[in-house]
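Me: I am new to this structure and would like to learn how to read its features one at a time. Where should we begin?

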Amino acid sequence: MDQSTLPPHVLIFPLPLQGPVNSMFKLAELLCLSGFHITFLVTDHIHTRLLKYSNIQSRFERYPGFQLETISDGLPEDHPRSGNGLMEMFDSLKTKNKILFKDLLTSGKLNLDSRRPVTCIIADGIMGYTCDVANDVGIPIIFVRTISACCLWVFFCLPKLIESGELPFSDNDLDTPIKSIPGMESFFRRRDLPSFCRSGNLWDPSLQLYLPESTENPRAYGLIINTFDDLEGPILAQIRTLCPNLYTIGPLHSHLKYKLSVDSSSPLTSSNSLWKEDTSCITWLDSQPSKSVIYVSFGSLAVMTKEQYMEFWYGLVNSGSRFLWVIRPDSVTNNSSEIPLELSEGTKERGYIVEWAPQEEVLAHNAVGGFLTHSGWNSTLESVIEGVPMICWPYFLDQQVNSRFVGEVWKLGLDMKDTCDRLIIEKTVRELMDGRKDEFMNRADQMKKLAKQCLSEGGSSYCNLERLIKDIKDM
Ligand code: UDX
């Protein structure tokens, strides 16, 4: 077959975690809509869960050019791959997966007669080794980041923080301002740095993992970031000093929805969940007054102690607000079953608890007026695009940075980091859902409008996706 008539063949390799896999499937579908052939590379661990809980097969059946490919992350199937096990996963990817990745690319297995050899690789920029392999096999690579630009810029500035002596710090005054991150000098404190910066130890594994970002990421042909110019413009300008060829095409989940609503008749609801969604919460929301419910969810990785869990229960019940709370089965350590009577009574009256929710649908629901979130980037973008104000209780990694921007820069909510006290939770919920409701609703509505504009024809994310498609076609 004359391969030059075939469309570009892109291999997409996301970081094998729920959040990143979620957004990479959206990018894959956006490229399928442009007629590209896609090989979506997932680890065996992710693959088994996707088959169990998501509608991936039916969803991509209508794209003949789409194929799922699996690869090992080098860990045993029962490895937790969360909490402290995360670092082992990163190490295993860098050592074992790197070899398997190169074997796959040189095996010829991907170049079935119906598709060209891989034209371009799109991989998560935290897996810098993929660039080494891409250069070895002579295939162009574009890095993608599923975290915020503001957090990525902090990662790029880690060497500056060390040179200036701002890292590591050993005293526990977390309100000390941070001065050596260009563009953040006026509002950024130690407590807003990624959580691993608090270890006081230059050899902290996470610090060592993110330290090379400023030299690794500029090596790729370009950098795709799941954000939009109106939200992170000033920080994107800083990143361009290192990576001039940026493709800001987010929010990816709504970019896809927009394209599907314009391009095709039957937009399927997309679920790439790694857990079973409990849709009974939508029925419960249907019977709640408009904007009266605070949705509570801490993403797919965060865990909390039994004590923290009780503080949130008391804070939510005592706030008097209605609440829809996602409590993942593995998210409370040392959990014992007994719940005090006043909490179960309060929940019966005003609350609803599920193990996993259809979050995009929940945030779009008219009954939801606020989001108590861990500030994971996908959750943050999903809240921004639906115009839902936030209370931020960051757990780790990029979440500390995101929560500072939500509270201090974008003013889309309240940053409740580093506290977990029932009285503060109660007060903060009342402030967001009642006292300052109109103020935050207006701010959130303005940003929602800007987000929607950037996705429509002529908008920044719309044009950057067009440019990405053209650049890959020209490869
Ligand atoms: C991880 C990191 O923790 C986060 O800091 C980083 O920004 C992205 O990678 P995660 O913790 O899972 O992500 O949070 P988040 O980025 O918010 O992704 C969670 C995803 O799960 C969201 O797309 C959300 O819609 C979905 N979700 C969450 C559900 O579908 N149902 C739920 O009940 C909860």
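**Reading the ligand site**

Reply: Let us begin with the ligand, bearing in mind that this is a predicted model. A nitrogen atom of the ligand lies 2.6 Å from a backbone N or O atom of A357. Polar contacts of this kind can also come from side chains: an N or O atom in the side chain of N22 is 2.6 Å from an oxygen atom of the ligand, and one in the side chain of D398 is 2.5 Å from a ligand oxygen.

Me: How much of the ligand's exposed area does the protein bury?

Reply: On its own the ligand exposes 660 Å², and the protein buries 96% of that area. Two or more residues of the surrounding shell come from each of α1 (18–33), β8 and α16 (377–385).

Me: How many residues surround the ligand, and which are the closest?

Reply: There are 22 residues around the ligand, and the closest are N22, S300, A357, S379 and D398. By character, the shell comprises eight nonpolar, twelve polar and two charged residues.

Me: How should I read a helix, and what span does α18 have?

Reply: The general idea is that an α-helix has 3.6 residues a turn, so residues three or four places apart point the same way. Here, α18 covers residues 422–435, which is 14 residues, and reaches 18 Å from its first C-alpha to its last, close to the 20 Å expected at 1.5 Å a residue. At the N-terminal end, D421 acts as a cap, with a side-chain oxygen 2.8 Å from the backbone nitrogen of L423.

Me: Which residues of α18 are buried, and what covers them?

Reply: The buried residues in α18 are I425, E426, T428, V429, L432 and M433. Their cover includes the strands β8 (293–297), β11 (368–373), β12 (390–392) and β13 (413–415), together with the helices α13 (306–319) and α19 (437–455).

Me: How many residues of α6 are buried?

Reply: In α6, which spans residues 149–156, eight of the eight residues are buried, and the helix is mostly covered. They are A149, C150, C151, L152, W153, V154, F155 and F156.

Me: How do I judge a single residue, and is H45 buried or exposed?

Reply: A residue counts as buried when its relative accessible area is under 20%. H45 has 12% relative accessibility and therefore counts as buried. H45 belongs to helix α2 (residues 44–53). Beyond its neighbours within four places in sequence, H45 is in contact with D73, E77 and R81.

Me: Where does L252 lie, and what does L252 touch?

Reply: L252 is in helix α11, residues 252–263. Its relative accessible area is 1%, so L252 is buried. Setting aside residues up to four places away in sequence, L252 touches S23, M24, K26, L27, L30 and N226. Distance in sequence and distance in space can also be read together: L252 and R422 are 170 residues apart in sequence and 35 Å apart in space, C-alpha to C-alpha.

Me: N226 appears among those contacts. Where is N226 placed?

Reply: N226 sits in the loop between β6 (223–225) and α10 (229–240). With 2% relative accessibility, N226 counts as buried. Again not counting residues up to four places away in sequence, N226 touches S23, R145, T146, G250, P251, L252, W377, N378 and L381.

Me: Which backbone features deserve a second look?

Reply: Most residues other than glycine have a negative phi, and most peptide bonds are trans. The bond from G250 to P251 is cis, with omega near -5°, and P251 lies in the loop between β7 (246–248) and α11. L167 and P168 are likewise joined by a cis peptide bond, whose omega is about -10°. P168 is in the loop between α7 (158–163) and α8 (205–210).

Me: What is the phi of S375, and what is that of K411?

Reply: S375 has a phi near 70°, a positive value in a residue other than glycine. S375 is in the loop between β11 and α16, and is buried because its relative accessible area is 0%. K411 also has a positive phi, near 50°, and lies in the loop between α17 (399–409) and β13. K411 has a relative accessible area of 40%, so K411 is partly exposed.

Note on methods. Residues are numbered from 1 along each chain as its sequence is written. This is a predicted model: local features need pLDDT of at least 70, side-chain atom pairs count only at pLDDT 80 or more; totals for chains, interfaces and linings use all residues. Side-chain values use heavy atoms; hydrogens and water are left out. Helices (H or I, at least four residues) and strands (E, at least two) are DSSP runs, numbered from the N terminus. The expected span of a helix is 1.5 Å times one less than its number of residues. Buried means under 20% relative accessible area, exposed over 50%, partly exposed in between (1.4 Å probe, protein chains only). Contact means heavy atoms within 4.5 Å. A polar contact is a pair of N or O atoms within 3.5 Å; within protein, one must be able to donate a hydrogen and the other to accept it, and residues adjacent in sequence count only if both atoms are side-chain atoms. A residue is near a molecule or strand if one of its heavy atoms lies within 4 Å of it. Accessible areas come from the Shrake-Rupley method with a 1.4 Å probe; for residues, only the protein chains shown count as cover. Ala, Val, Leu, Ile, Met, Phe, Trp, Tyr, Cys and Pro count as nonpolar, Asp, Glu, Lys and Arg as charged, and the others, Gly among them, as polar.
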